[in-house]
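Subject: Structure for your review

Dear colleague,

Please find below the structure that I am handing over to you. I would be grateful if you would look at it first and then read the notes that follow.

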Amino acid sequence: VMLLGSEDPVLRKSAAIILGELKDKRAVEPLSITLNDEDVWVRYHSALALGSIGDKRATNHLTKGLDDPIGAVRLACVKAIGGIKDLSCEESLLRLVDDEDEDVRKTLAETLQIFPGDNARNAVFKLLSDTSWQVREAAVSASERLSPPLSVSVIEPLVNDLNRFVREAAKEILSRI
C-alpha cells in the first residue's frame with residue numbers, strides 16, 4: 001500500500017497489480033485514491049485491482065472513473081464494476097453505450113449481461129447494430145445470458161452479418177435456443 005504513494009509510476013502500477021492479486025479489502029481506499037493518479041496505467045491497474053477485490057465500497061469511485069478521458073481506464077472501470085456485480089451502477093454504465101472507444105463498448109456488452117431488466121436488454125439490443133463487429137459479437141454472446149434472454153427474432157438477422165465471427169456467434173446461440 002505504501003508503494004501506491006511512490007514518486008515512481010512503475011512502482012505505483014506494480015503495487016496496484018499486486019494489491020489486486022492479494023484481494024485484501026484494506027486496499028480499497030488507497031486504490032480508490034490512485035484511480036485519480038496522473039499516470040494512465042496506474043489508474044488502469046487500480047481499477048482492475050478494485051474489481052478483483054470485489055468490494056462494493058469501490059463502486060462509487062469506479063463510476064467516476066467511467067468519465068476518464070482515456071478509453072483503457074474506462075474499460076477497466078467497466079470490467080471492475082462487472083466483477084463487483086453492483087447492480088446500482090447500471091445507469092452509470094448505460095451511458096457508455098455510445099462511447100467513442102469500441103473496446104469500451106465491447107466490454108460494456110459483456111458486462112451488461114449481469115443486469116436484469118429492460119434497460120440492459122435495450123442497451124445490448126442497440127449494441128447488436130454497432131459499427132464494430134467485435135462489439136456486435138460481444139452483444140450477441142451477452143444476449144443469451146440476459147435475464148430474460150433476447151428473443152430469436154432479434155438475433156436471427158445477425159446470421160447474415162457481414163462478419164463471419166458475428167454470424168457464427170449468432171448461429172451458435174440460435175442453435176442453443
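A network of salt bridges links Arg-74, Asp-99 and Glu-100. Please keep in mind that the model is predicted. Within this network, the closest N and O atoms of Arg-74 and Asp-99 lie 2.9 Å apart. This pair joins distant parts of the chain, 25 residues apart: Arg-74 belongs to helix H5 (residues 71-84), whereas Asp-99 sits in the loop between helix H6 (90-94) and helix H7 (102-112).

Are these two partners buried or exposed? Arg-74 has a relative accessible area of 5%, so it is buried. Asp-99 also counts as buried, because its relative accessibility is 10%. The cut-off for a buried residue is under 20% relative accessible area.

The count of salt bridges comes to 13, and two further examples may be useful to you. In one of them, the side chains of Glu-110 and Lys-106 meet at 3.1 Å, N to O. These two residues are 4 residues apart in helix H7, which means that about one helical turn separates them. Glu-110 is partly exposed, at 33% relative accessibility, and Lys-106 is partly exposed as well, with a relative accessible area of 28%.

The other example pairs Asp-24 with Arg-26, whose closest N and O atoms are 2.6 Å apart. Here Asp-24 is partly exposed, at a relative accessible area of 25%, while Arg-26 is exposed, at 70%.

I turn next to helix H1. The helix runs over residues 9-22, and its 14 residues should span 20 Å at 1.5 Å a residue; the end C-alpha atoms are indeed 20 Å apart, so the two values agree. At the start of H1, a side-chain oxygen of Asp-8 comes to within 3.0 Å of the backbone nitrogen of Val-10. Just after the helix, Lys-23 adopts a positive phi of about 55°.

Which residues of H1 are buried? They are Arg-12, Ala-15, Ala-16, Leu-19 and Gly-20. These residues lie on the same side of H1, because they cover an arc of only 135° around the axis. The elements that cover them include helix H2 (28-34) and helix H3 (40-53). On the face turned away from this buried side, H1 carries the exposed residues Glu-21 and Leu-22.

Yours sincerely,

A colleague

Notes
Residues numbered from 1 in each chain as written. Predicted model: local features only at pLDDT ≥ 70, side-chain atom pairs only at ≥ 80, totals over all residues. Heavy atoms only, no water. Expected span 1.5 Å × (residues − 1). Buried < 20%, exposed > 50% of the residue type's maximum accessible area, 1.4 Å probe, protein only. Arc of directions from axis to C-beta. Contact = heavy atoms within 4.5 Å. Polar contact = N/O pair within 3.5 Å; in protein donor to acceptor, adjacent residues only side chain to side chain. Salt bridge = Lys/Arg side-chain N within 4 Å of Asp/Glu carboxyl O.
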